[in-house]
Amino acid sequence: MRPVLNRTVKVFGLSLLGLAFQASAQTKVDDAWVRATVANQSATGAFMTVTADSDSKLLSVASPAARNVQIHEMTMNNDVMRMGPVASVDLPAGKAVSFDPNGYHVMLMDLTGQMKEGDSVPLTLTVENARGEKETLDVEAPVRALNNMESHDHSKMH
């Protein structure tokens, strides 16, 4: 009888371990990067793909590379391009949400220094799931050359 009891305890323990792993693997960030800047440029964008395993929302992003970090949305309305901050971004369960130059993106403003190609920028994302549970994700985003923005210019926003 003892070997059966040991086997049951081991299986139960592995089941609990599996549940703990599932609870911690809620949101993932892929292909994060930051646009390089020129000297004295005060703002740039950060881009990535975020996928949550349950209905969630991205609440905020922080970085020591900028004094002000905001989540922005780019929209086109009556041939006028607009960009502005949003309070949060919905992350539907299992669906990859792209943060790119033409939609949602992260603005790093009042930069603490120049963003040079080859450098890495730390980003901390705060995500909240539908149950109100928050998680933070620390991401190292490589800085990519200016030409990766596909002629996207925030100075022409209204």
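These are my notes from a look through a predicted model.

**Overall layout.** I started with the secondary structure and got one helix and 10 strands. Reading along the sequence, I find the helix comes first and the strands follow, as α-β-β-β-β-β-β-β-β-β-β. I then checked burial: 36% of the 158 residues count as buried. The accessible surface comes to about 9,500 Å², and carbon and sulfur atoms hold 53% of that.

**Contact range.** I took contacts between residues at least 6 apart in sequence and asked how many of them reach much further along the chain. For 70% of them, the partners are at least 24 apart.

**Strand β8.** Next I went to residues 104-111, which form β8. This strand is mostly covered, with six of its eight residues buried. Which strands pair with it? I noted β2 (residues 43-52), antiparallel over four bridges, and β4 (residues 66-77), also antiparallel, over seven bridges. To pin down the register I looked up one opposite pair for each: Ala 46 faces Val 106 of β8, and Val 69 faces Leu 108 of β8.

**Core.** The largest nonpolar core has 29 residues. Which of them have the most contacts inside it? My list reads Met 48, Leu 58, Leu 108, Leu 123 and Leu 125. So Leu 108 turns up again here, after its place opposite Val 69.

**Met 48.** I listed its contacts, skipping neighbours within four places in sequence. Among them are Val 29, Asp 30, Asp 31 and Ala 32, then Val 97, Ser 98 and Phe 99. Val 106 is on the list too, along with Leu 123 and Leu 125. Those two leucines are also in the core list above.

Definitions and conventions:
Residues are numbered from 1 along each chain as its sequence is written. This is a predicted model: local features need pLDDT of at least 70, side-chain atom pairs count only at pLDDT 80 or more; totals for chains, interfaces and linings use all residues. Side-chain values use heavy atoms; hydrogens and water are left out. A nonpolar core is a set of buried Ala, Val, Leu, Ile, Met, Phe, Trp, Tyr and Cys residues joined through side-chain atoms within 4.5 Å. Buried means under 20% relative accessible area, exposed over 50%, partly exposed in between (1.4 Å probe, protein chains only). Contact means heavy atoms within 4.5 Å. Helices (H or I, at least four residues) and strands (E, at least two) are DSSP runs, numbered from the N terminus. Two strands pair if DSSP finds at least two bridges between them. Accessible areas come from the Shrake-Rupley method with a 1.4 Å probe; for residues, only the protein chains shown count as cover.
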